[in-house]
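This report describes selected local features of one protein chain for a reader who has the coordinates at hand. It covers helix packing, charged pairs, backbone geometry and the surface.

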Amino acid sequence: MSVQLAIANISLETATVGRQGFQGIMFAAKHNLWPERIRTYTDADALLEDGFSSTDPAYKALRGGFSQTPHPTSIKVGRLNASTDITIDGDIVTGLEYNITLGAQDATSTSTVTITAEAGDTQEIILGKIVTAIETAPELDAKISASVTGTGVDAVLSLDHKVGDDWFTVTSPLNLNVVAGAVDESAAEMLAAIALEDDSWYYITSEEKSVEFIEDLAAEAEARFKLYRYTTAEEGSYAATLAGSLKTVQDNQYFRTMGEYHHLAEDTYPEVSALAEIATFVTGRVTYHARIVSGVPAALNAEGKNLTGTQVENMKNNNVNFYDKVQISGASFASNPSITYGGKVASGELTMNIVARDNLQVDLEATCTELLIRQKNGRLAFDETSLNKVRGAVRTVLNQYESEDFHNFLQPNTIITIPRVSEINAADKAANVFKQVTFNGTLRGAIHMIEITGTLGN
């Protein structure tokens, strides 16, 4: 047997902490298809498997997002609590079955309601029979409020939440039209409920485009570490005097809301495509202005015509983001690409600066946290050696944001200031807090337009 004269015990001090991802997009859709508040999708077809139709906003939004090259590996769909409206097209056919499958929180299983049309039945009568089926099923009746409005062919069955955030599901309709109805909750309630299940997204978008909800969601985004991007088709967006939601978010000087004008705002949800197009790139390197977004054409006005020169100038003067074709003097621009114009949040700050600043904050916090938790055989103390370790950690992060090959966000040689140990006050030492490290950097900015002045002579 051999004799071992040396033993090596090697530990790895490579603990890391979670960091906010800046590719994460969450589209809040109005639906009652599944009980969770959020699901993750890697392609648009998966939404069809989960009960969405090809005409639903969520499918059209994610189809646009996944059509970009490159695009994020996944996009999340949140559930915005809303009622469900059910209608019947065409004449009622005697003997034809009308089916719907309903589920509810705390119910032991889903229930399929089947109504067979009898002679003399109208749309109103068929939908009324569904109401009766719900009211006579205790597990469904406990969670679903069902009522029919309108008569004959105009009858609409509305299913609503009877108890706050308790969910119900409406799936597998047969010979029935099912669409989302009115929103049942505030933006704050929606965000809080979704974040409890999954908060690993940065960009917020939403199917709901009412002015009231947009303004509510913008206010909520300002209080969270998120960025809300939306498009609106409001005509006041290109008026000489700005009006509507874009004016409200500008008046409030929001730093975390990026509103844009597009006539397809409530059809294809171009903001999801635009976010998917830019989200995979390193923050700080790219500006949100002059981006070519696949499948997103130039914006039209409410009459369905090209924006007039006056309307375009109105939006430029009012700091409105929009989509338009590139123009070259003296040339037809019909075949030129459509680009995003503006690239700013409501306050007027460049969106790239807000996103890169958030990323910088995350990296600084995570790096300093990792420095603290990696002190396996010691600690950071109020001495020059430890303070230099802090300086080194901050410098490492700032170098990434100064590098032209990485974030390309800050000018080189950002100044870091750390006091001498003797200059740290006793109260902070007693509280075990070091908060005197500061830095002062200069943004690189972004060129959004080029003007050339030349002189020609003989």
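Which residues in H5 meet which residues in H6? The model in which this is examined is a predicted one. On the H5 side the residues are Ala187, Ala188, Met190 and Leu191, and their partners in H6 are Phe213, Asp216, Leu217 and Glu220.

**Helix packing**

Two packed helices are described by the angle between their axes and the distance between the axes. Helix H5 spans residues 187-197 and helix H6 spans residues 211-222; their axes come within 8 Å and cross at roughly 50°. Angles under 35 degrees would count as roughly parallel, and 65 to 115 as roughly perpendicular. H5 and H6 are therefore oblique to each other.

**Salt bridges**

Side chains of opposite charge can pair when their charged atoms come close. The count of salt bridges in the model comes to 23. Three of the individual pairs are listed below with the N to O distance.

| Basic residue | Acidic residue | Closest N and O atoms |
|---|---|---|
| Lys30 | Glu208 | 3.1 Å |
| Lys129 | Glu118 | 3.8 Å |
| Lys129 | Asp121 | 3.0 Å |

In the pair of Glu208 and Lys30, the closest N and O atoms are 3.1 Å apart. This pair links distant parts of the chain, with the two positions 178 residues apart in numbering: Glu208 is in the loop between strand E11 (203-206) and H6, whereas Lys30 is in strand E1 (residues 25-30). Are these two residues buried or exposed? Both Glu208 and Lys30 are buried.

Lys129 takes part in a salt bridge with Glu118 at 3.8 Å, N to O. Lys129 lies in helix H3 (residues 123-135) and Glu118 in the loop between strand E6 (111-116) and H3, so this bridge ties together parts that are 11 residues apart in sequence. Lys129 also forms a salt bridge with Asp121. The surroundings of these two partners can be stated as well: Lys129 counts as partly exposed because its relative accessibility is 25%, while Asp121 is buried, with a relative accessible area of 13%. The cut-off behind the second assignment is that buried means under 20% relative accessible area.

Elsewhere, Glu36, Arg39 and Asp50 are linked in a network of salt bridges.

**Backbone geometry**

Most residues other than glycine have a negative phi, and most peptide bonds are trans. Where does the model contain a cis peptide bond? The bond from Thr69 to Pro70 is cis, with omega near -5°. Pro70 is placed in the loop between helix H2 (57-66) and strand E3 (75-80).

Positive phi values are found at Ala290, with phi near 60°, and at Asn408, with phi near 55°. Neither of these residues is glycine. Ala290 belongs to the loop between helix H8 (270-279) and helix H9 (309-317), and its relative accessibility of 40% makes it partly exposed. Asn408 is in the loop between helix H11 (384-402) and strand E16 (415-417); with 23% relative accessibility, Asn408 counts as partly exposed.

**Nonpolar surface**

Which residues make the nonpolar surface patch of about 430 Å²? The patch is formed by Ile447, Ile450 and Ile452. Of these, Ile450 is found in the segment after strand E17 (438-440). Ile450 has a relative accessible area of 68% and is therefore exposed, the cut-off for that class being over 50%.

Note on methods. Residues are numbered from 1 along each chain as its sequence is written. This is a predicted model: local features need pLDDT of at least 70, side-chain atom pairs count only at pLDDT 80 or more; totals for chains, interfaces and linings use all residues. Side-chain values use heavy atoms; hydrogens and water are left out. Patches are made of residues with over 30% relative accessible area and no salt bridge: like charges are joined within 9 Å, nonpolar side chains (Val, Leu, Ile, Met, Phe, Trp, Tyr) within 5 Å. Accessible areas come from the Shrake-Rupley method with a 1.4 Å probe; for residues, only the protein chains shown count as cover. A salt bridge is a side-chain nitrogen of Lys or Arg within 4 Å of a carboxyl oxygen of Asp or Glu. Helices (H or I, at least four residues) and strands (E, at least two) are DSSP runs, numbered from the N terminus. Buried means under 20% relative accessible area, exposed over 50%, partly exposed in between (1.4 Å probe, protein chains only). Axes are lines fitted to C-alpha atoms, for helices over the stretch in contact, and angles run from 0 to 180 degrees between N-to-C directions. Angles under 35 degrees count as roughly parallel, over 145 as roughly antiparallel, 65 to 115 as roughly perpendicular and the rest as oblique. Contact means heavy atoms within 4.5 Å.
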